[in-house]
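Got the model open in your viewer? Let's take a walk through it, one selection at a time.

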Amino acid sequence: DLDGYYDEVIKAYKKILKDFQESRLYILGFGNLTEQLKKENIKNVTFTGWEHNPENYLKKSSIYLSLARIDPAGVAVLEAMSMGVVPVVSEGVGYNYVVKKISKELVVKNTGEAAIIVKKLWNDKRLLEKYSKKAMEISKDYNKEKSLKLFKKAISLI
């Protein structure tokens, strides 16, 4: 259920759209607000519903935007990073500490900050590429094997 944040993503995107009218926003998943937000008919916003292959959208993307009020540990952030998609996330995203390893400026407090950093990245292709490479490199540390090893170690300490 994505109701916890995609209304915030839409607010940020409306600010971004003013300067980047050719941009696209894909909202994958579903929630109670979907129908209400669809009725707003916002330019270049596509609601896909459930996607079995989200990587098809990630391949088209440069920014992964998650402005969750609270999201304990959504793995989608790491999936995006592994494909070189630069994450811009709220402080409520559980993996924000991983995103901070790319750059602290990618963890935002509100929709205004989110729009500012996305515009900055799209205006500075070198910085976007730098963060993209760093995201891919950092995401390698968050694979199944390493996660299981850390979990077993944590359990053994209890």
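Start by selecting Lys 120 and Glu 105 and showing their side chains: the two form a salt bridge, with the closest N and O atoms 2.8 Å apart. Lys 120 sits in helix 6 and Glu 105 in the loop between helix 5 and strand 5, so this contact ties together parts that are 15 residues apart in sequence. Keep in mind that you're looking at a predicted model.

Now switch on the surface. Are these two residues buried, exposed or something in between? Lys 120 is partly exposed, with a relative accessible area of 39%, and Glu 105 is partly exposed too, at 26%.

That pair belongs to a bigger set, so let's hunt for others. How many salt bridges does the structure hold? There are six.

Next, pick Lys 119 and Asp 19. Their side chains meet in a salt bridge at 2.7 Å, N to O. Trace the chain from one partner to the other: Lys 119 lies in helix 6 (residues 111–123), while Asp 19 is in the loop between helix 1 and strand 1 (25–28), so the bridge ties together parts 100 residues apart in sequence. Asp 19 counts as exposed, because its relative accessibility is 51% and the cut-off for exposed is over 50%.

For one more salt bridge, select Glu 91 and Lys 109, whose closest N and O atoms are 3.7 Å apart. This pair links distant parts of the chain: Glu 91 is in the loop between strand 4 and helix 5 (96–102), and Lys 109 is in the loop between strand 5 and helix 6, 18 residues away. Glu 91 counts as partly exposed at 47% relative accessibility, whereas Lys 109 counts as exposed at 60%.

Time for the sheet. Switch to cartoon view and color strands 3, 4 and 5: they make an open sheet of three strands in the order 3-4-5, with parallel pairing. Which strands are at the edges? Strand 3 (63–66) and strand 5 (107–108), each of which pairs on one side only. If you're wondering what holds such strands side by side, strands of a sheet pair through backbone hydrogen bonds.

Zoom in on the pairing of strand 3 with strand 4, which is parallel and runs over four bridges. Find Ser 66 here, standing opposite Val 89 in strand 4. Then slide across to the other side of strand 4 (residues 86–90), where two bridges join it to strand 5, again in parallel. Val 89 turns up once more, this time opposite Val 107 in strand 5.

Before leaving the sheet, show the side chains of strand 3. Ile 63 and Leu 65 point one way, Tyr 64 and Ser 66 point the other way, and all of them are buried.

Now head for helix 1 (residues 6–17). Try the ruler tool between its end C-alpha atoms: they are 16 Å apart, which agrees with the 16 Å its twelve residues should span at 1.5 Å a residue. This helix is mostly covered, with nine of its twelve residues buried. Among them are Tyr 6, Val 9, Ile 10, Tyr 13 and Leu 17.

Last stop: the outside. Select Phe 151, Ile 155 and Ile 158, which form a nonpolar surface patch with about 380 Å² of accessible area together. Phe 151 is in helix 8 (residues 144–156), and it's exposed, with a relative accessible area of 52%.

Notes:
Residues numbered from 1 in each chain as written. Predicted model: local features only at pLDDT ≥ 70, side-chain atom pairs only at ≥ 80, totals over all residues. Heavy atoms only, no water. Patch = residues over 30% accessible without salt bridge, like charges linked within 9 Å, V, L, I, M, F, W, Y side chains within 5 Å. Areas by Shrake-Rupley, 256 points an atom, 1.4 Å probe, with all protein chains shown as cover. Salt bridge = Lys/Arg side-chain N within 4 Å of Asp/Glu carboxyl O. Buried < 20%, exposed > 50% of the residue type's maximum accessible area, 1.4 Å probe, protein only. Expected span 1.5 Å × (residues − 1). Pairing = 2+ DSSP bridges.
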